[in-house]
Amino acid sequence: MSFYSSADVSTKYIDPKSFVDGARAVFDLKGHHLAILPNMRLFDNGVFGQAGGVYNELVGPDSIITDIVLFDGRTELTRASNYALFRGFVCQNQDNVKSMSLRSPKTLNRLGYEVSSRTGLGQYMGAGRTSATTRATSEGSYIDLREVLPMLNSLSHIPSDVFQNLRLEVSYNIEQARQILGDVTQTITGMLVPQLSVDMLDDAVIVSKMNKTLGNIQWLEIEHDQVLFPASADFANDGTADQALEQTVNFKLDGFKNKSVERIIQIKEVPTPASYLTGNAVNGFGRYGSSAVYKEKIQCRVNGSNIFPQQGMIGDMERLSYVVDNFGDCFSYPGASQLDLDSGLVVGTSVADGRLRIGNLSYNGWYLGRKVLDLQIVHSRTGLNNTATFRPEISSLNVHYFAEIKKALVLGKNGYNVVYL
């Protein structure tokens, strides 16, 4: 049943009630008898100071965002934690054409490759938008908040009479080491002032009818846990004694205990941001991708039972197939998820540039579909003698897990509760 038409909807552009340059923006969504529609958009996310500064090629200027949280008073309704790293996965979770035509113009990233008739290499050929010297002329990204706050996908509207102190808080970090621009020495004077675009109905009669249909809602919240995969035994000697030796570590994840978990995505990050650099230039997608390791194996054990048969996920293509089967199409290229293929022959602005993209998008993902009482990950890699600065096959790794967790908002006569299912 339709209660309203487009003529009843107005779009409001909201400036931050509180703004601390490079740290935080708070948007106030209070009102009376309003129905706020869930298709909220956050735009003008970016920095200024450097003329022609190229934003991170995977996440664009969204690299400045650390967390996005929707509050009602002191109650946290939904959150996107460790935002930029998870955003890297979301940005590549589309095929090549959609990445180039739909995602890239919004995020200002550089995904979506075409083959150059001059070099024969696949590369981004879009109109790259960049930072500028002033706040007024610099470019910023556009974020549909439904992509990062899944609760919004489950609501027909957000009634201000129920959520009386609604606000959106966005946390930022614009340090050069965040690899916001393609050169970490480029000038960052400050950030753009973000704006929030909200569609709402301000008609008490229509809103009252809509509120009567509002019931309990369920959604899949994205929650985060993290472990440290230790460096190989002979890392200090460039892994000389670790050549071809398998290193296996058993991790216990307590962050999802007593929660109903659906899909999980695993992201591997080298803890030292400088290792992603050649001089001052960011290599490939930098720190916001997921770094490939050699001969990776993964077994997930939940409540005493293995999820995968035999040794688990053991091949590069097998791991990629699990991601695509569970999460859908992904932007990719030869060598994106493995170490042992010279992708410099097929992608990049040059062969050397292409080689820097080898193993940049090595994600692992699978479906769990059960309540977790005990969750263990058996994770293996094989060592290689490597004297380079960037060597994820022997260095320590921050291994991040982002999981879909079942949550619900239960409405009652005296308000509501947010609960785990």
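## Exercises on sheets, cavities and burial

An open sheet built from 4 strands follows the order β17-β24-β21-β22, and its pairing is antiparallel. The edge strands here are β17 (246–252) and β22 (305–306), each of which pairs on one side only. The structure is a predicted model, in which local features need pLDDT of at least 70 and side-chain atom pairs count only at pLDDT 80 or more, while totals for chains, interfaces and linings use all residues. Residues are numbered from 1 along each chain as its sequence is written, and side-chain values use heavy atoms, with hydrogens and water left out.

**Exercise 1. Determine how many bridges join β21 to β22, and which residue of β22 stands opposite arginine 301.**

Step 1. Helices and strands are DSSP runs numbered from the N terminus, with at least four residues (H or I) for a helix and at least two (E) for a strand.

Step 2. Two strands pair if DSSP finds at least two bridges between them; strand β21 (residues 297–302) is joined to β22 by 2 bridges, and the two run antiparallel.

Step 3. The residue that stands opposite arginine 301 in β22 is asparagine 306.

**Exercise 2. Describe the open sheet of 5 strands, its edges, and the helix that packs on it.**

Step 1. The strand order is β2-β3-β13-β7-β8, with antiparallel pairing.

Step 2. At the edges lie β2 (18–20) and β8 (75–80), each pairing on one side only.

Step 3. Neighbouring strands of this sheet are turned against each other by 15 degrees on average, direction ignored, where axes are lines fitted to C-alpha atoms, for helices over the stretch in contact, and angles run from 0 to 180 degrees between N-to-C directions.

Step 4. Helix α1 packs on the sheet, where it touches β7 (65–72) and β8, and its direction makes about 100 degrees with that of β7; contact means heavy atoms within 4.5 Å.

Step 5. Inside the sheet, strand β3 (residues 24–28) and strand β13 (residues 166–172) run antiparallel and are joined by 5 bridges, and arginine 24 has serine 171 as its bridge partner in β13.

**Exercise 3. Compile the volume and lining of the largest and the second largest cavity.**

Step 1. On a 1 Å grid over the protein atoms alone, a cavity is a set of points where a 1.4 Å probe fits but cannot get out, and lining residues have an atom within 4 Å of a point. Grid points are joined across faces, edges and corners, and a volume is the space filled by probe spheres set on the points.

Step 2. The structure holds 3 cavities of 30 Å³ or more, and the largest has a volume of about 80 Å³.

Step 3. Residues lining the largest cavity include Gln92, Asp316, Arg319, Cys330 and Tyr363; helix α4 (residues 316–327) gives the most to this lining, with 4 residues.

Step 4. The lining of the largest cavity divides into 7 nonpolar, 3 polar and 2 charged residues, where Ala, Val, Leu, Ile, Met, Phe, Trp, Tyr, Cys and Pro count as nonpolar, Asp, Glu, Lys and Arg as charged, and the others, Gly among them, as polar.

Step 5. The second largest cavity holds about 70 Å³ of space, and its lining consists of Ala80, Ser81, Tyr83, Phe86, Arg87, Val148, Ile222 and Phe402. Helix α1 (residues 83–92) contributes the largest share of that lining, 3 residues, and by class the lining has 6 nonpolar, 1 polar and 1 charged residues.

**Exercise 4. Decide whether lysine 259, histidine 33 and lysine 295 are buried, partly exposed or exposed.**

Step 1. Buried means under 20% relative accessible area, exposed over 50%, and partly exposed in between (1.4 Å probe, protein chains only).

Step 2. Lysine 259, in strand β18 (residues 259–269), has a relative accessible area of 14% and is therefore buried. Not counting residues up to four places away in sequence, lysine 259 touches Glu223, Arg370, Lys371, Val372, Ile405 and Tyr420.

Step 3. Histidine 33, in the loop between β3 and β4 (35–36), has a relative accessible area of 44%, so it is partly exposed; its phi is near 55 degrees, a positive value in a residue other than glycine.

Step 4. Lysine 295, in the loop between β20 (281–282) and β21, is partly exposed because its relative accessible area is 49%, and its phi, near 50 degrees, is a positive value in a residue other than glycine.

Key
On a 1 Å grid over the protein atoms alone, a cavity is a set of points where a 1.4 Å probe fits but cannot get out, and a pocket is an open set with protein on both sides within 12 Å along at least five of seven lines; lining residues have an atom within 4 Å of a point.
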